[in-house]
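Visitor: I have a model open and would like to go through it with someone. Can we start with the sheets and then look for empty space?

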Amino acid sequence: MKPIHFVSADEAVSHIPSHCHIHLSSVASVPHCLIQALCRRADAGDVTDLHFHHFHTEGPAPYSEPRYEGIFFDQGFFIGPNVRPNVNAGYADYLPVHLGETPRLYRSGAIRLGAALVNVSQPDANGMVSFGTSVDCSVAAVECADIVIGVVNPNVPYAHGDLVSLDRFDYLVQDDAPLVTANFAESTPTEVIIGKNCAALVEDGDCIQMGIGALPNALAAQLGSHKNLGLHTEMFADGLLKLIKAGIINGASKKIDTGKVVASFLLGSQDVYSFINDNPAVLMKDIKYTNDPWVICQNPHMKAINSATEVDFTGQVSADSIGTRIFSGTGGQLEFVKGASMSEGGKSIIAFASRTNKGKNKIVAEINPGGGIVTPRADAHWMVTEYGAVDLYGKSLQERAKLMISIAHPDDREMLDRQAFERFGPHYHNFSI
């Protein structure tokens, strides 16, 4: 391995020209030292019109702030709490895309990358580094960007899977800032019930996918008596780590990547990050691979569990927005919905509380105007709330309305039934399910 030559963060970003698009490695592994250096250039009036692309990021997000209007413009592929207010105020923006297709945006030239800014692990003996907790679309970014800057950080775990050679980098920077960790809130009683209802649809030997947060952790807590589960997912956190360490998730029944945990990015405690370090049982892969429905479906009995902000009578799922207000992103929901549906014995599951924290019903006659449809009704299968689980597959619109109302909050059912009658006409009540 040739000697490594490091430069300062300010020196590295000084080579990024104005009027270009920049990729950031994301989630827990954002290269904050490079962002701060770009802010110093912006404050000095030395750069303008930079467009940023990333998955949801943790930590400060000055690239979305009003003070840098006209200098920075954030166009994220998934919106987190740190940029959400600025996106909805118009200072930043959301670029709708299935996360599994984000590498194609770079590789096809749809987004012409001027620079890629990524955190990486310390190199191995062959000069290869890992993207650690956030592979996402960084592999494609490093391949395609005009300027590639790597931040070598000893806190980035050396994860097996997709690696990159130090030779790919134009500039290397040293940093020892810890990765951002996250502790998710304890599951509510409602989330625990939803978790139990979902767990009842999971059988021994299934391969699972779920997100991160209180509800996925509630589900994970209900899988403690299962055996030989597999994990093929975008991301995982502490709830699933407990199942991996207990041997409940062991990948023994997987047909591809047998015995391996497969993911693309992580967010959780330091225990999660330490677990993947030099662990050959975990593969951190390009999201093009993890989210490809044709890859997903090769594991039989795939159970994909995702969430919703609203679901209408017909099974249309809104998950990236609340009306016109952008909340998160399309993510990989539809990719896993399709993959699980194509899997032999697979199930696509949308799990959500029947009401919001403010008491507003999530099962609705019509999605709020402006709300994005992430999963179309033709792809709707299992719907789960704290009041039960129903399968919409093979059901007509009126049948679906009755099924959805059956798992709505009891205090909302009369209103919803009246709305269904108004929508479908007087014959709506003349059949049973």
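Visitor: Which order do the strands take in the open sheet of 7 strands?
Guide: The order is S4-S3-S2-S1-S5-S7-S9, and the pairing is parallel. Keep in mind that this is a predicted model.

Visitor: Which strands are at the edges there?
Guide: Strand S4 (93–94) and strand S9 (171–174) are the edge strands, and each of them pairs on one side only.

Visitor: How many bridges hold S7 and S9 in register?
Guide: Strand S7, residues 147–152, pairs with S9 over 4 bridges, in the parallel sense. As one position to click on, Gly 150 has Leu 172 in S9 as its bridge partner.

Visitor: What about aromatic pairs, how many are there?
Guide: The count is 7 aromatic pairs. One of them is Phe 52 with Phe 72, an edge-to-face pair at 5.2 Å centre to centre with 85° between the planes.

Visitor: And which parts does the pair of Phe 52 and Phe 72 tie together?
Guide: Phe 52 is in strand S2 (residues 50–53) and Phe 72 is in strand S3 (residues 72–76), so the pair links parts that lie 20 residues apart in sequence.

Visitor: Now the sheet of 8 strands. Is its pairing parallel or mixed?
Guide: Mixed. This open sheet runs S15-S13-S11-S10-S16-S21-S23-S24. Its twist averages 20° from one strand to the next.

Visitor: Why do S15 and S24 each have one side without a neighbour in the sheet?
Guide: Strand S15 (282–284) and strand S24 (388–391) are at the edges with a single partner strand each, so one side of each has no neighbour in the sheet.

Visitor: In which sense do S10 and S16 pair?
Guide: In the parallel sense: strand S10 (residues 207–209) and strand S16 (residues 302–306) share 3 bridges. Gln 209 is opposite Ala 304 in S16.

Visitor: Which strands does helix H6 lie across?
Guide: Helix H6, residues 189–199, lies across S16, strand S21 (347–351), strand S23 (382–385) and S24. The helix H6 runs at about 150° to S23.

Visitor: On to empty space. How many cavities of 30 Å³ or more?
Guide: The count is 1 cavity of 30 Å³ or more. The largest cavity holds about 30 Å³ of space.

Visitor: Which residues line the largest cavity?
Guide: The lining is Met 210, Gly 211, Pro 216, Asn 217, Ala 220, Ala 237, Asp 238, Gly 239 and Leu 240. By class that gives 5 nonpolar, 3 polar and 1 charged residues. Helix H7 (214–221) and helix H8 (238–245) each supply at least two residues of this lining.

Visitor: How much space is in the second largest pocket?
Guide: About 330 Å³. The pocket is lined by 16 residues, and the closest to its centre are Glu 186, Ser 187, Asn 217, Gly 239 and Lys 242.

Visitor: Which helices each supply at least two residues of the lining of that second largest pocket?
Guide: H7 and H8. By class, the lining of the second largest pocket has 7 nonpolar, 6 polar and 3 charged residues.

Key:
Residues numbered from 1 in each chain as written. Predicted model: local features only at pLDDT ≥ 70, side-chain atom pairs only at ≥ 80, totals over all residues. Heavy atoms only, no water. Pairing = 2+ DSSP bridges. Axes fitted to C-alpha atoms, helices over the stretch in contact; angles between N-to-C directions. Contact = heavy atoms within 4.5 Å. 1 Å grid on protein atoms, 1.4 Å probe; cavity = no way out; pocket = protein on both sides within 12 Å on 5 of 7 lines; lining within 4 Å. Points joined across faces, edges and corners; volume = space filled by probe spheres on them. Nonpolar A, V, L, I, M, F, W, Y, C, P; charged D, E, K, R; others polar. Phe/Tyr/Trp six-rings, centres within 6.5 Å; stacked < 30°, edge-to-face > 60°.
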